[in-house]
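Hi,

Here is the structure I promised to pass on. Have a look at it first, then read my notes below.

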Amino acid sequence: MSSNKYFKHEGPWSDANDPLMVSDTGDWRTKRPIVDKDQCIFCGFCAIYCPIQVMEMVEKSHFKPDLDFCKGCGICAKECPKKAISMEPEGDFQK
Amino acid sequence: MAAKKGKLTKVLDHLKHEDPFSKGVAFCPGCGLELLLRFIPQVLGNDIVITGTPSCSAPVLLGQNNQSWHKLSYFGTLMTGAAANATGLARYYKKAGIDNTVVCFNGDGTAADIGFGNLSGAAERNEPFIYICYDNEGYMNTGIQKSGTTPYGATTTTTPKGSISKGKNLRRMNLALKMAMHKIPYAATATLSDLDDLAKKLLKAKEAKERGFVFLHVLAPCTTGWGHAPENTIEVCRRAVKTNYFPLWEAVNGKIKMTKEVKKPKPVKTYTELSKKFVNMTEEDHQILQDDVDYEFCILGGLSQLEGECQLPVSAED
Ligand code: SF4
Ligand code: SF4
């Protein structure tokens, strides 16, 4: 907004030229959403209702969560009309 | 065999702008507020200024240490003066000739209780900004205390279940209706199960703020405070609508119109059964809550049928 060359945009505390703060929210997960791409009808309900907005479109064919940030709330699985998403215990994926 | 691909939900068409928030922000898993906060700038655009108060939204909106969680401009205010501060901002932009949208974003504690006086004042003066109340029916950030919008029977830390107290023994206020009666250019209720409706109302809000004050009341369930399973956040909203516990309507200059008709409303129990905060309610309590819901809806129904009948005074039109 400002013509000041030092500010890209004004942040709450700083000039927000720094990268945004990010938490490792993927680490909070107790369950992991697994999308069955064959069941998926590409309706996008999982994407619109995901509170973190981490459901990404894959080649206009299905959706896949960004597991670096997905908190494992399970809303996508619950809202999917085709039950194409299952929530699996996170421990199953730890080696 | 792969399932036949259907049609993408039209809600995605409303998400025209970037999500300005960092991907990993400090909201609980399944938080309704997080979805709402990410949704607003994707619909309205990123050239908005948010102002708000200490609340669950503040730690994320305000940032921490020297860093921020998002790229929007944010102005942190006190709960007692949220709408007054937003007034100043909106007037600044108007005076400076800058096309910007001021969104005053507060919880129900600020909107219905602590900051109601100046909210009402800003509405009466018809200040040109959008006030959004995300209603999680209590003071969640400070430890789940009851507010004016906490419904009858709900357990909070100040209305606990004990030998004498059995949850909130007062009925909730209807904040949105109260705001609509300020005869502002636009007032509406919305919730997260009906995102198409929410997006349309946000766009109407942006347009209506050119004519003055806009109030949006959005039911945003809190998993931690209400005790529903995180995956049920959207389902809780859906049932709130289907039981008429939280009817969806809009009002232009105080004229109310339902935006979603519920053909056969379900008993309010289908809504309360999902959240632990209602678990201590007896049959009798449920009846009181049901009667209250029916009563509010009856008033709303009556008002919405007046739509064509009441003539706005010519002096009030612009
Ligand atoms: S909600 Fe289910 S069917 Fe629809 S896009 Fe997501 S995974 Fe596919
Ligand atoms: S589990 Fe929750 S956070 Fe993860 S992708 Fe699904 S809706 Fe999003």
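To sort residues by class, Ala, Val, Leu, Ile, Met, Phe, Trp, Tyr, Cys and Pro count as nonpolar, Asp, Glu, Lys and Arg as charged, and the others, Gly among them, as polar. With that, the shell around ligand 1 splits into nine nonpolar, one polar and no charged residues. Among the residues around ligand 1 (a heavy atom within 4 Å of it) are A:Cys40, A:Cys43, A:Gly44 and A:Phe63.

Some small print: this is a predicted model, where local features need pLDDT of at least 70 and side-chain atom pairs count only at pLDDT 80 or more, while totals for chains, interfaces and linings use all residues. Residues are numbered from 1 along each chain as its sequence is written, chains are lettered from A and ligands numbered from 1 in the order in which they are written, and side-chain values use heavy atoms, without hydrogens and water.

Now the rings. Phe, Tyr and Trp (its six-membered ring) pair if their centres lie within 6.5 Å; planes under 30 degrees apart are stacked, over 60 edge-to-face and the rest tilted. Over all chains, that gives nine aromatic pairs. B:Tyr131 and B:Phe213 have ring centres 6.4 Å apart and planes at 40°, so this pair is tilted. How buried is B:Tyr131? Its relative accessible area is 0%, and B:Phe213 also has 0% (buried means under 20%, exposed over 50%, partly exposed in between, with a 1.4 Å probe and protein chains only). Together with B:Phe129 and B:Phe215, these two form one aromatic cluster.

Cheers
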